[in-house]
Amino acid sequence: LKFLVVVCGMSQLPCFASSVASSASRHGKGCEWRYDAGDGQPLVIRAEPLVDGRRTRETLPAGTVFRVVEEKVGDDGVLYLRLEDGRGWVFDRKPGVGQMCERHLVGGKKPAEADMEANFWRYDAGDGKPIVVRTVPMITGPKSDVVLQPGEVFCVSQEKVGDDGVVFLQLADGRGWAFDRKPGVGIMCERHHPEKENDTVPKSPYWRYLGKDGQRIWARVDADIDAAKTEVFLEPGELFCIQEERRGPKDVLYLHLADGSGWLFDTKPGAGVMCQRHEALVTLHIYDVPTHPTGRRVNSMLRAVGTGAFHAGVEVYGVEWSFGCNQEGEGGTGVFVCPPRSCEGHAYRESVHLGHTPMDEEQVRATIGRMSKEWLASDYDILRRNCCHFADSLCQTLQAGAIPSWVRNLSGVAQVLADRRNTLAQTAREVSDAAREVVGPIVGPAVAPIVARGKISRGADPSDDFRLGDFTRGVMAVVADQASDFMNSEVAKDATGRVMKTMDCSR
């Protein structure tokens, strides 16, 4: 309850105190990127963050790795990258052309490959009890004040094998060491694969007809290549949705169109692949807003009852998008980008696979571009327009469905409480005003001194505007004054003296 009160009481703040300053420039600082458009041609550096912007005389040869100090989302959904050496701007993709630059990680791995190997672990000893993090890689080492709750996912920066075969895990945030097992007890932590954490990751219901020969394909009336053709056909490159997959002879996969208008097939003996699944998984990444161990423990307890204070980002086509406040001034977008499950200023908790989007990457980027103009940093509101609201809007726009209610219901409850608080105060003022008009002439002379005393009690001047509670404070003050006067009166002193005389003071 205290935690909820703290959150509710922050309604006037522009953003969470622990929230990352979500300026795109903050998120790009120090990142390495690599240019390779696949055609071997150099990329001409722009003088401004626009694909069609003024060109400089500087270029990036294919394969160049460069450092970036700012990442800025453009109106077209393109991510513009300001070079650390001050030569200008390049961009991650070019509409109508495709990928130009990729985030570069140590070891030469592509971001998607490195992300799959991200070193996440999950603690769960099976007894429902937390584990205390050690300050050194020893089970018997000094204990810190940090604990990991059952089911908690954490990132590891180093693994160290002990003499007894125990693998000690250094937490990436520097809070200390955990261990994979405890001799005589059993498994404590297991490697965690976010992209594999849910065995029910949905198969994409979307497919694309390739049409390599440039010809149309006609749907069949049944799951058989030799069945009669319907009047429905698809053009090369056309996307379609299915309701059923049925494996047939010669390993052909038949695809029942969602509108029931016929069947297609993924391959055709002698012709090769005809249709290919359109894989565009939309994943919601959820973070704890409080990064302090105590705050995370509170959030874990709230999560167990279906709520909590969370930050959310949406990953699609290998990039995570979110929304927050920044320091770029009026009019700047609050939409920003980061590598999946790596949002600064928050502690990663878990991921939820929402489904697939029928949009291709160009369409997704165009959608992000439109939303970046609608979701401005100056409009950020901790209760009514925050990262969870953005994530929900983006997921529904991508046709992946709404985000889970438990991710956003704390701010919703806080909003309701805040609205009810404001409504109650407004109602009280209206009732007070009406009462003043009706009975004011009658009881005004008696009530006015009490209200004035209530205003003085809260440090205001008697002539200031009336506030809810002034009458009650005034009554309490008057009663206290009268009680004090009575206790100092001769009657009270005489009564006190008589009582004292009858008491055995030695007892």
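These legends go with a set of close-up views of a predicted model.

**View 1. Helix α6 and its two ends.**
Start with α6, which covers residues 387-397. Its buried residues are Cys 387, Cys 388, Phe 390, Ala 391, Asp 392, Leu 394 and Cys 395. If you're wondering about the spacing in that list, an α-helix has 3.6 residues a turn, so residues three or four places apart point the same way. At the N-terminal end, Asn 386 acts as the cap, with a side-chain oxygen 2.9 Å from the backbone nitrogen of Cys 388. After the helix comes Gln 399, with a positive phi near 65 degrees. Gln 399 sits in the loop between α6 and α7 (405-457). Most residues other than glycine have a negative phi, and Gln 399 is a residue other than glycine with a positive value.

**View 2. The five-stranded sheet under discussion with α6.**
Here you can trace 5 strands forming an open sheet, in the order β31-β30-β29-β28-β32, with antiparallel pairing. The edges belong to β31 (335-338) and β32 (347-356); each has a single partner strand, so one side of each has no neighbour in the sheet. On average, neighbouring strands are turned by 30 degrees against each other, direction ignored. Helix α6 lies across β28 (281-288), β29, β30, β31 and β32, and it runs at about 25 degrees to β29.

**View 3. Strands β29 and β30, with the loop between them.**
Zooming in on part of that sheet, β29 (residues 310-316) pairs with β30 (residues 319-323) in the antiparallel sense, over 3 bridges. One bridge to look for puts Glu 315 together with Glu 320 in β30. In the loop between β29 and β30 you'll find Tyr 317. Its phi is positive, near 55 degrees, in a residue other than glycine. Is Tyr 317 buried or exposed? Neither, quite: with a relative accessible area of 26%, Tyr 317 is partly exposed.

**View 4. Aromatic rings around α6.**
The model has 11 aromatic pairs, and two of them get a close look in this view and the next. The rings of Trp 375 and Phe 390 have centres 5.4 Å apart and planes at 80 degrees, so this pair is edge-to-face. Trp 375 is in the loop between α5 (361-374) and α6, while Phe 390 is in helix α6, 15 residues apart. Trp 375 counts as buried at 7% relative accessibility, and Phe 390 is buried too, with a relative accessible area of 0%. The rings belong to one aromatic cluster made of Phe 323, Trp 375, Tyr 380 and Phe 390.

**View 5. A tilted ring pair, Phe 120 and Tyr 348.**
Among the 11 aromatic pairs is that of Phe 120 and Tyr 348, with ring centres 5.2 Å apart and planes at 55 degrees, so the pair is tilted. Phe 120 comes from strand β10 (residues 120-123) and Tyr 348 from strand β32, so the pair ties together parts that are 228 residues apart in sequence. Both Phe 120 and Tyr 348 are buried.

**View 6. Cysteines without a disulfide.**
How many disulfides does the model have? The count comes to 0. Take Cys 388: the nearest cysteine sulfur, that of Cys 387, is 4.1 Å away, and Cys 388 is in no disulfide. A disulfide here needs the two sulfur atoms within 2.5 Å. Cys 388 counts as buried, at 3% relative accessibility, whereas Cys 155 counts as partly exposed, at 31%.

**View 7. Arg 93 and its partners.**
Arg 93 is in strand β7 (residues 93-94) and is buried, with a relative accessible area of 4%. Which side chains make polar contacts with the side chain of Arg 93? One is that of Gln 99, at 3.5 Å, and another is that of Glu 361, at 3.2 Å. Leaving aside neighbours within four places in sequence, the residues in contact with Arg 93 include Val 51, Val 78, Met 100 and Arg 365.

**View 8. Strand β19 and two partners.**
Strand β19 (residues 206-209) runs antiparallel to β22 (residues 239-247), joined by 3 bridges. Tyr 206 stands opposite Cys 241 in β22. β19 also pairs with β27 (residues 275-277), again in the antiparallel sense and over 3 bridges. There, Arg 208 has Gln 276 as its bridge partner.

Methods. Residues numbered from 1 in each chain as written. Predicted model: local features only at pLDDT ≥ 70, side-chain atom pairs only at ≥ 80, totals over all residues. Heavy atoms only, no water. Buried < 20%, exposed > 50% of the residue type's maximum accessible area, 1.4 Å probe, protein only. Helix = DSSP H or I, 4+ residues; strand = E, 2+ residues; numbered from the N terminus. Polar contact = N/O pair within 3.5 Å; in protein donor to acceptor, adjacent residues only side chain to side chain. Pairing = 2+ DSSP bridges. Axes fitted to C-alpha atoms, helices over the stretch in contact; angles between N-to-C directions. Contact = heavy atoms within 4.5 Å. Phe/Tyr/Trp six-rings, centres within 6.5 Å; stacked < 30°, edge-to-face > 60°.
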